Amino acid sequence: MKQDATRNAAYTVDCEDYVHVVEFNPFESGDSGNLIAYGGSNYVVIGICTFQEEETDIEGIQYKTLRTFHHGVRVDGIAWSPETKLDSLPPVIKFCTSAADMKIRLFTSDLQDKNEYKVLEGHSDFINDLVFHPKEGHEIASVSDDHTCRIWNLEGKQTAHFLLDSPGMSVCWHPEETFKLMVAEKNGTIRFYDLMAQQAILSLQSEQTPLMSAHWCLKNTFKVGAVAGNDWIIWDITRSSYPQETRPVHMDRAHLFSPSSLVL
């Protein structure tokens with residue numbers, strides 16, 4: 001990595017491909033929490049970051065590419081599996097991607113000889129978000145412009161299929177509520193599904209549209225946040241199905257709500 005003050009970035013990584021999406025591994029196991037993946041038009045690159053707080057002889061951040069995976073089509077989304085572990089022998093790298101061809105690809109690697117991927121087909125329009133089961137990693141949930149939320153096992157078979165009223169924009173699987181799934185739709189509706197009964201059990205409503213992104217708070221399961229229109233929106237699901245707080249944050253439409261925004 002090198003300093004690049006002209007773009008107000010602390011460090012940059014030179015990439016051979018356009019970068020469409022970047023995801024840090026959210027699961028902390030050994031060094032696995034320092035893993036980063038970025039996807040371009042043809043490749044997915046897996047790297048690791050080491051920070052000065054961890055090793056005092058490093059100035060700022062140190063980055064190293066671990067593996068480049070040929071993808072062959074534009075990468076639109078990346079989700080890490082909790083099965084990813086760098087401190088096992090051999091190491092396990094597992095993640096999935098959504099792509100411009102409306103397919104999901106599940107990658108598994110030991111960073112040596114084993115480099116496999118499986119294609120999951122079923123969506124008929126662009127996939128807007130996808131996520132692994134946060135504990136076992138044995139299932140993947142995805143939402144799409146085709147007005148569906150689908151759950152897949154790692155063999156590629158659909159285990160559940162929910163019809164939506166509008167394009168699905170975000171899907172969240174909470175580590176403390178693994179039998180529930182949160183799905184946010186572009187029309188401003190956020191629904192919680194009971195995965196055992198396979199039916200909706202709670203809904204929230206945004207007064208602004210289009211809703212582009214939402215997330216379920218990791219620190220407080222009663223809090224949900226989203227961006228819709230130009231606004232940043234927070235719900236407390238114990239109080240009302242309508243927002244507890246709404247603030248304008250952008251002059252033009254907001255597109256992404258980060259989990260780090262939800263610290264309430």
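The following paragraphs lead from the whole protein to one of its sheets.

The model is predicted: local features need pLDDT of at least 70, side-chain atom pairs count only at pLDDT 80 or more, and totals for chains, interfaces and linings use all residues. Residues are numbered from 1 along each chain as its sequence is written, and side-chain values use heavy atoms, without hydrogens and water.

The protein contains zero helices and 22 strands; helices (H or I, at least four residues) and strands (E, at least two) are DSSP runs, numbered from the N terminus. Along the principal axes, its C-alpha atoms fill a box of roughly 50 × 45 × 30 Å. The radius of gyration of the protein is 19 Å, which agrees with the value near 18 Å for a compact globule of 264 residues. This radius is taken over C-alpha atoms, and the globule rule is 2.2 Å times the number of residues to the power 0.38.

Of the 264 residues, 47% count as buried, a term that means under 20% relative accessible area (1.4 Å probe, protein chains only).

Within the protein, four strands form an open sheet in the order β3-β4-β5-β6, with antiparallel pairing; two strands pair if DSSP finds at least two bridges between them. Because β3 (21-24) and β6 (61-70) stand at the edges with a single partner strand each, one side of each is left without a neighbour in the sheet. Between β3 and β4 (residues 35-39), the antiparallel pairing runs over four bridges. Here F24 has I36 of β4 as its bridge partner.

Definitions and conventions
Buried < 20%, exposed > 50% of the residue type's maximum accessible area, 1.4 Å probe, protein only.
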